[in-house]
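Work through the two exercises below with the model open beside you, and try each task before you read its solution.

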Amino acid sequence: MCSGPTRMRLCVTVIASGIVVALAIVSLYLCSSMQRSQRWLGATRAVRLHSAIGLRISRLLSERAVLLVGDSRIESLRWPLHGYEGWRATNVGIGGTTAAMWSDWLAGSPSTTPYEAAVLWVGVNDLLTRGADVSATEDKVVGAARGLLSYARRVYVLEQIPVRFASKRLISEKISDDVRQLNVGVAHKLSQEKAVSIMQLEEALRAPDGLLCDWASGDGLHLNERGQAWLSERLAKLLY
């Protein structure tokens with residue numbers, strides 16, 4: 001037990017240090033697990049928690065806040081954009097998620113502290129599902145975009161891009177054709193939403209054979225380093 005002034009001060013120091021370490025561990029755990037906890041806790045709870053923390057930090061640093069929503073393509077997006085550090089990003093992208101999931105998660109859960117902007121890139125996992133209904137996927141992307149209007153003053157929907165799977169030419173062609181149909185349908189259905197803009201990506205990343213350009217992807221689905229740099233530059237111009 002602690003007794004005497006010196007020993008008492010030592011005990012207090014040890015206890016205080018332990019509390020600080022414990023808080024740091026908890027903080028690190030929450031930060032590292034937050035993006036992947038939505039499947040169990042609900043994505044909208046995570047978005048609201050990110051909002052409360054991220055927006056307060058943004059205000060302290062006089063930065064504008066952007067919310068990034070989508071699947072693994074968004075989850076892997078590098079931030080800050082090179083040369084454009086004025087935006088603070090909250091990335092809640094989750095690999096494997098679909099437009100249907102995000103449409104449901106974002107419905108009826110308004111934020112009291114809206115972001116300046118939100119970027120939505122989702123839909124490819126819906127198209128990869130056997131027997132996918134492109135029209136239904138359009139509606140889910142549109143639903144997710146409209147749901148984000150409760151979180152952000154302006155929403156940017158990124159077009160889906162073609163795919164190119166090695167040794168799966170017919171599947172690649174089918175998905176890439178569905179991508180074109182999806183983009184046209186989403187643009188049409190959101191044309192009356194003044195606070196929603198479509199960021200065109202498809203044609204720039206579609207090779208002459210109709211599939212994803214080789215230079216932009218290594219696995220035929222996700223953007224490689226060069227593709228990420230290309231997208232970052234376009235996003236920077238969009239936001240700034």
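**Exercise 1.** Find the salt bridge that Lys174 forms, and state how its partners are placed in helix 8 and how accessible they are.

*Solution.* Lys174 pairs with Asp178, the closest N and O atoms lying 2.6 Å apart, which satisfies the definition of a salt bridge, a side-chain nitrogen of Lys or Arg within 4 Å of a carboxyl oxygen of Asp or Glu. This is a predicted model, in which local features need pLDDT of at least 70 and side-chain atom pairs count only at pLDDT 80 or more, while totals for chains, interfaces and linings use all residues. Residues are numbered from 1 along each chain as its sequence is written, and side-chain values use heavy atoms, with hydrogens and water left out.

Next, consider position: the partners are four residues apart in helix 8, and so about one helical turn separates them (helices are DSSP runs of H or I with at least four residues, numbered from the N terminus).

Finally, compare accessibility, where buried means under 20% relative accessible area, exposed over 50%, and partly exposed in between, using a 1.4 Å probe and protein chains only. Lys174, at 46%, is partly exposed, whereas Asp178, at 7%, is buried.

**Exercise 2.** Determine which parts of the chain the salt bridge between Glu203 and Arg180 ties together.

*Solution.* The two side chains meet at 3.2 Å, N to O. Glu203 belongs to helix 9 (residues 202-205) and Arg180 to helix 8, so the pair ties together parts that are 23 residues apart in sequence. Glu203 is exposed, at 53% relative accessible area, while Arg180 is partly exposed, at 38%.

Terms used
Helix = DSSP H or I, 4+ residues; strand = E, 2+ residues; numbered from the N terminus.
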